[in-house]
Amino acid sequence: MFHVDLLLLDLVIVLISARLLGAVARRLGQPPVVGEIVAGILLGPTLLGPLLGDRLFGDGMMPPLRALADVGLVLFMFVVGMELDQKLVRGRGRTAVTVALGSTLVPFVLGCALALGIAGDHVDGARTLPFVLFMGAAMAATAFPVLARIITDRGMQRSTVGGLSLASAAVIDVLAWTALAVVAGLASAGGGVNEGADQWRVALALPYGLLMFLVVRPLLARLVPARQRAGRLTPGLLSLVLIGLLASSWATEWMHVHFIFGAFVFGAVMPREGAERLNHEILERLEQLAVLLLLPMFFVVAGLDVNLRTLDLSSLGTLAAILVVAIGGKLLGSYAAARTRLPGRQALAIATLLNTRGLTELVILSVGLQKGVLDEELYSLMVVMALLTTAMTEPLLRKVYPGRRVARDIEQAGREALGTRAATRVLVVVPGSPAEQVPLAELAALLARSAAPAEVILAHLRPYPGGRLELGGGLSSELAELAETLHELEILADVVRAHGPEVRVVSRFSASVGAELAELAVETAPGLVVLPRGTPGHAAIRDGVACPVVTVASPGPSGLPPGGPVAVPHGQAGEDAVRVALTLALACGRPLVVEGGGRATALVRRLTRLGVEVTGGPVPEDALTVAGDGAGQATGPAAHLLVRAERDADPVDWPALVSTLRQTPAGAPVEVVEASVRS
């Protein structure tokens with residue numbers, strides 16, 4: 001028997017639980033949806049059981065709770081349709097579609113294969129086809145709203161990874177809802193006795209779609225001038241939108257497709273051009289009701305249907321298989337597709353983001369449960385999968401794509417938006433007298449070739465003069481000294497400009513040269529740092545930046561015989577050291593020697609195929625040696641340049657690097673590099 005007082009009490013309990021656990025999830029760095037799903041599971045039979053759960057959320061209470069949850073779902077799907085920004089795909093269309101197809105097809109196929117293996121335990125023979133297709137669609141889903149929230153919270157929406165992930169997720173959304181509409185139609189066609197006589201209605205789905213886009217969309221465009229005449233969103237205009245939304249939802253439900261598709265399509269056909277104010281006011285009115293009251297109701301109700309008490313060891317085996325297929329298929333498909341267009345670390349970050357399922361997965365699972373495609377056991381297992389894949393996204397993303405990578409991407413996007421073409425800043429710390437550092441400037445200019453176009457920053461800080469300044473004594477000597485230093489730095493700048501890069505000069509007195517140089521290195525966000533060994537603040541600079549750091553070390557008492565090769569002990573260096581050595585070898589017309597076996601031998605073969613004069617073997621005595629400068633690396637006294645590798649570096653694209661170096665004019669005198677490592 002239905003009791004209004006019990007319904008109101010249930011609403012109070014649901015909203016308090018959803019808000020509390022949603023806040024806890026947010027404090028733990030998780031989307032609130034994770035806490036709201038957990039709230040539903042805890043309130044359901046899994047924890048409360050028959051003693052209290054059946055009294056609060058018994059069979060008599062579930063229908064009205066589900067009705068409220070369905071209304072919230074209608075409003076939310078309408079909002080998702082309205083916020084589906086078609087501009088996301090513009091300029092990224094081919095890449096977004098490629099990633100979306102890989103992220104959809106691989107888990108879909110694996111999900112169908114898994115479904116064939118477990119179908120006998122969960123469905124009867126008549127529903128095998130919709131069950132198999134449904135499992136494939138459920139495995140392929142990506143939660144666009146949750147993904148958008150994660151990207152926005154981390155400030156990634158203007159980066160390549162964030163923008164491409166959003167664009168790909170938008171395409172996946174369309175594919176997922178289309179596949180689910182087909183599955184829902186098939187499930188209804190194979191449904192019970194009462195549904196068999198009117199399955200012809202499913203055939204009306206295509207005319208309905210044409211009607212919405214060709215007839216309803218132009219009619220809705222008339223809302224824009226109506227809102228402009230009124231100066232605001234009137235109750236009459238909002239009523240028209242709600243009537244259309246509910247009518248569209250009813251139509252798709254009547255056609256046995258599912259009401260969420262009617263809500264989503266109605267949001268998608270809302271006007272876009274010139275309708276920014278109208279849509280903003282509609283969303284402002286509806287989002288508060290949907291997000292604060294009705295949508296948490298949906299999450300909790302979804303959790304109430306989960307009963308983990310009934311699971312046994314065989315269920316745990318099925319859960320393990322579901323997790324392997326869902327996570328492995330999504331990561332593998334997304335990464336493989338993104339890797340064809342992007343570096344490995346960016347591709348892995350996109351794959352991690354697209355593995356988020358969250359709300360979209362719950363909607364799909366609720367459709368499967370209502371249509372009878374899923375039984376309660378499999379529904380519970382799939383909800384656990386949705387919960388785990390959503391919860392793992394943030395921690396995994398922080399490992400794969402840490403904050404400093406995001407900051408670098410955002411800065412790059414800002415430079416591109418301003419039309420700045422400088423791809424790399426090369427910070428050169430100039431010690432002592434600038435007049436003696438011409439070879440150092442030449443070296444930095446040569447290294448800047450590997451990331452052309454580049455901007456070189458010449459930084460020269462010197463301590464304040466000692467002794468007490470007398471009043472009236474003037475600062476003429478100090479000003480003259482500073483003017484002379486600036487003149488010498490401009491000479492260095494001209495040396496660098498002769499090689500092509502733009503140059504900026506930073507010169508000032510400092511109370512603490514080492515500390516201020518370290519601060520300057522962080523503030524300028526360079527892509528490469530070049531400095532001599534013994535520079536004040538060397539350790540702080542080296543540890544404070546994420547980019548490669550090239551330290552000019554002492555060559556030893558024997559000096560450098562002219563004309564020797566550039567050598568790199570590969571076993572003691574990473575790809576950044578090899579990159580520096582290759583840059584100098586090609587710029588100076590000298591052969592390259594890579595010492596070591598295994599990976600070093602493979603690299604020699606690869607560079608040889610690219611036309612580089614390179615050999616393997618021990619480091620010659622007359623070689624200019626470039627070695628790694630990492631912890632625990634025994635570089636030895638013969639190393640002339642020490643390279644601290646970039647943190648979180650992407651693998652070097654050797655063909656692109658060789659091509660860039662060959663396109664940059666060469667011919668720098670060999671003695672310049674030899675002199676720089678002697679300085």
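**Notebook: sheet pairing and two helices**

I looked up Val566 in this predicted model and found that its bridge partner in strand S9 is Leu624. I then checked the strands around this bridge: S6, residues 566–569, and S9, residues 624–628, pair in the parallel sense over 2 bridges. For reference, I note that strands of a sheet pair through backbone hydrogen bonds, either parallel or antiparallel.

I next traced the whole sheet. I recorded 10 strands in an open sheet with mixed pairing, in the order S3-S2-S1-S4-S5-S10-S9-S6-S7-S8. Which strands stand at the edges? I found strand S3 (502–510) and strand S8 (614–616) there, each with a single partner strand, so one side of each has no neighbour in the sheet. I also noted the turn between neighbouring strands of this sheet, which is 20° on average, direction ignored.

I then asked which strands helix H22 lies across. I located H22 at residues 513–523, lying across S1 (424–429), S2 (454–463) and S3. I recorded an angle of about 160° between H22 and S2.

Finally, I turned to helix H10, residues 223–230. I listed Leu223, Val224, Ala226 and Arg227 as its buried residues. These residues cover an arc of only 165° around the axis, which means that they lie on the same side of H10. On the face turned away from that buried side, I found the exposed residues Gln228 and Arg229. I entered Arg227 as buried and Arg229 as exposed. After H10 comes Gly231, for which I noted a positive phi, near 80°.

Conventions. Residues are numbered from 1 along each chain as its sequence is written. This is a predicted model: local features need pLDDT of at least 70, side-chain atom pairs count only at pLDDT 80 or more; totals for chains, interfaces and linings use all residues. Side-chain values use heavy atoms; hydrogens and water are left out. Buried means under 20% relative accessible area, exposed over 50%, partly exposed in between (1.4 Å probe, protein chains only). Helices (H or I, at least four residues) and strands (E, at least two) are DSSP runs, numbered from the N terminus. The arc is that of the directions from the helix axis to the C-beta atoms. Two strands pair if DSSP finds at least two bridges between them. Axes are lines fitted to C-alpha atoms, for helices over the stretch in contact, and angles run from 0 to 180 degrees between N-to-C directions. Contact means heavy atoms within 4.5 Å.
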